Amino acid sequence: MAAKSIISRPVYGTLSPQPGKHHLFIADAEGALAISDMAARAPAGFFEGAEIVYIPDPGGKHVAALEALKPAQFHQAPSFASLLPRLKQTLSNAHMGLRLYLAGTEGLIGQAMQVALEAGIDHTSMQTEHRGSLARRMQCVHCKGITENVTTQPAICAHCGLLLLVRDHYSRRLAAFQGVCINAEDRSEMPPIEEAFP
Amino acid sequence: MGITFRKETFRDDFTFRNSPEHIRRFPFPFHEDAYMYAVNIEPHVIGPKGSVLENLIDVDEHYVAEMQDRALVLAEDPLRCQSLPHMTLAGWDLLELLMEQQALGYPEHFTLERDGDRWRWINRPLGIDDTFTFGDTSTLPYGPMEYITRQSQGDFCILDQRDGNLWMDAGMVTTQADWSLDFDIGMNFFEWHAPVPLAHEKGIFVRALKFLTNIQQGKPARRLNWTMTVNPRLDTSPENYHKWGPDRTTVTPENVGDKVHLRVELQSFWRLPRSNGIVFPIRCYLIKMDELVTQPKWARRLHRVIRDLPEELATYKGLTRYRPTLVEWLSKLDDGSATSSGFGPD
């Protein structure tokens with residue numbers, strides 16, 4: 001779990017079954033375990049009104065466990081980018097009262113939340129649970145490029161190549177942490193790059 | 001009489017200067033010999049003639065040059081001006097406020113004529129004479145917020161009020177002290193202030209939000225904030241930090257007086273009548289050390305404030321590299337004698 005930090009840094013909870021008839025789960029990798037754990041506490045018939053969309057790790061681990069929950073719909077996607085068109089349509093057609101559950105890596109939770117926010121769903125109404133990697137999505141404040149799966153501090157921008165301090169300051173709109181040049185004042189200063197978000 | 005607008009730059013050759021009258025009117029932000037955060041908000045009412053509070057929206061000798069610098073920033077990076085879709089009405093509110101205030105305070109430079117929704121705006125310093133329909137965006141060359149803030153000194157944030165919070169949902173931000181509108185847009189009051197050290201623990205933001213959400217129409221409020229900038233650079237954005245950051249390594253005992261600037265923000269807060277939003281102008285005033293120390297009281301006081309500033313604040317304000325050089329230089333102007341209370345020069 002993430003250590004205590006500044007206020008803009010997202011805080012995740014534990015999935016819990018919400019009242020309602022329509023439930024949409026979006027998860028990746030070990031996020032499947034959060035859904036399985038919640039299923040153990042869910043009332044009978046809960047998944048009859050549920051759709052699960054899942055991005056497994058290569059190898060397809062946890063797919064069978066999710067299918068065994070017998071959701072009304074189960075969709076497996078190879079990446080978040082490939083899931084995006086379907087997700088946008090699902091959310092734009094959603095009825096009032098749809099319950100949203102996001103589980104897995106911060107990148108997955110953040111990007112799914114971003115799409116849901118654009119569809120007009122309030123972020124406080126979404127259930128979230130962080131599982132798995134602490135890798136961050138980072139926006140370079142200088143060139144605006146997004147670097148996925150950042151695990152080091154500092155980190156190199158995949159677009160402009162500047163060495164960036166990965167801040168805890170987070171934008172839900174961008175689904176990204178902010179990266180700011182760490183040696184802007186004196187480029188000859190080269191702090192060591194260390195594994196920080198495994 | 002009117003203002004004589006200076007021809008000057010805030011980049012490259014940095015020809016920005018304050019005239020002697022503008023030095024005297026500088027909004028020096030320290031009323032005592034020390035500084036710590038406080039909820040220093042007060043009613044934004046007209047102040048003494050010859051001060052920056054002579055009008056509620058201040059226009060000064062840097063107006064034309066600042067607007068030219070803003071146009072350069074926007075040409076390089078249009079993301080410095082953004083407005084979420086639900087904020088257009090608030091943009092019209094702001095246009096009305098700034099046109100009214102500038103025409104009221106400086107009739108020799110600005111004129112607003114209204115015939116129902118048909119408005120004519122004359123801005124003589126910038127050579128603008130436009131007639132448009134209030135509320136109809138297609139009759140202006142930009143959206144209403146961008147149109148008027150390309151003609152008004154200072155940054156502008158428009159805050160939407162909902163769920164008991166304020167949301168940074170629109171802004172024109174080209175003269176900022178190191179924060180990014182593009183990153184922070186859409187955040188609530190606590191989120192966009194998240195990186196500020198110490199103040200959360202002191203409950204500053206909880207109290208400030210309570211105050212701001214209760215601001216009433218026609219009763220604006222204000223506060224001062226400050227930092228320091230090497231070279232008179234308006235655009236000290238995080239976007240360009242890798243370009244201006246190296247300036248901080250260039251301060252020497254010989255050039256402190258010319259290079260180091262006190263940067264004061266006069267922030268004001270206004271309720272907008274149609275949208276119920278709040279506009280938050282952040283007006284930036286710069287003064288170089290050579291100019292500031294022409295007022296002996298300010299020189300003594302600034303020495304004591306910078307010398308005794310808590311380390312976290314010095315780091316947050318980016319002073320770390322040149323603070324020792326600056327304090328040493330200012331110490332020679334501090335004979336240890338008492339300073340009178342209050343902001344003004346003696």
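How many bridges join strand β6 (residues 155-162) of chain B to β10(B), and in which sense do the two pair? The model you have open is a predicted one, and in it these strands pair in the antiparallel sense over five bridges. To see one of the pairs, find B:I158, whose bridge partner in β10(B) is B:V279.

Let us stay with β10(B) for a moment. This strand covers residues 278-288 of chain B and is mostly covered, with nine of its 11 residues buried. Besides β6(B), β10(B) has strand β9 (residues 260-271) of chain B as an antiparallel partner, and nine bridges join the two. Along that pairing, B:L266 stands opposite B:R283. Follow the chain from β9(B) to β10(B) and you will trace a hairpin with six residues between the strands. In its turn, look for B:N276, which has a positive phi of about 60°.

Now step back to chain B as a whole. It holds 13 helices and 10 strands. Its radius of gyration is 20 Å, close to the 20 Å that the globule rule gives for 346 residues, so chain B is as compact as a globular protein of that length. The C-alpha trace spans about 60 × 45 × 40 Å along its principal axes. Of the 346 residues, 40% count as buried. Sequence separation adds another view: among contacts in chain B between residues at least 6 apart in sequence, 70% join residues at least 24 apart.

Another part of chain B worth a visit is the run of strands β3, β4 and β5. Strand β3 (residues 110-115) is joined to β4(B) by six bridges, and the two run antiparallel. Here B:L112 stands opposite B:W121. The hairpin of β3(B) and β4(B) has two residues between the strands, and B:G116 takes a positive phi near 65° in it. On to the next hairpin: β4(B) pairs with strand β5 (residues 128-133) of chain B, again in the antiparallel sense and over six bridges. Four residues lie between β4(B) and β5(B), and B:G127 in the turn has a positive phi of about 65°.

B:I122 is a handy residue for exploring this region. It lies in strand β4 (residues 118-123) of chain B and stands opposite B:D129 in β5(B). Is B:I122 buried or partly exposed? Burial takes 20 or more C-beta neighbours within 10 Å; B:I122 has 15 inside 10 Å, so it counts as partly exposed. Leaving aside its neighbours within four places in sequence, B:I122 is in contact with B:F110, B:T111 and B:D129. B:T111 is 11 residues away along the chain, yet the C-alpha atoms of B:I122 and B:T111 are separated by 5.0 Å.

Let us cross over to chain A by way of the interface. The contact takes 19 residues from chain B and 18 residues from chain A. On the chain B side, the elements that give two or more residues are α6 (189-192) and α8 (241-244). The residues on that side divide into nine nonpolar, six polar and four charged.

Chain A is assigned two domains, domain 1 (23-130) and domain 2 (136-195). Their centres, taken over C-alpha atoms, are 28 Å apart. Eight residues from domain 1 of chain A and seven from domain 2 of chain A take part in the contact between them. On the domain 1 side, these residues divide into two nonpolar, five polar and one charged.

Chain A also has an open sheet of five strands, in the order β7-β6-β11-β10-β9, with mixed pairing. Its edge strands are β7 (146-150) and β9 (155-156), each pairing on one side only. Inside the sheet, strand β10 (residues 163-171) of chain A and strand β11 (residues 176-181) of chain A pair in the antiparallel sense over five bridges. In this pair, A:L164 stands opposite A:C181.

A:L164 leads us to the largest nonpolar core, which has 48 residues. A:L164 is among those with the most contacts inside it, along with A:F25, A:A27, A:I35 and A:L102. Both domain 1 (23-130) and domain 2 (136-195) of chain A give residues to this core, so it lies between them. A second, separate core has 38 residues, including B:W92, B:L97, B:L159 and B:M168.

Key:
Residues numbered from 1 in each chain as written. Chains lettered and ligands numbered in written order. Predicted model: local features only at pLDDT ≥ 70, side-chain atom pairs only at ≥ 80, totals over all residues. Rg over C-alpha atoms; globule rule 2.2 N^0.38 Å. Buried ≥ 20, exposed ≤ 12 C-beta atoms within 10 Å, placed from the backbone. Contact = placed C-beta atoms within 7 Å. Nonpolar A, V, L, I, M, F, W, Y, C, P; charged D, E, K, R; others polar. Pairing = 2+ DSSP bridges. Domains from an automatic or database assignment. Core = buried A, V, L, I, M, F, W, Y, C linked by C-beta atoms within 7 Å.
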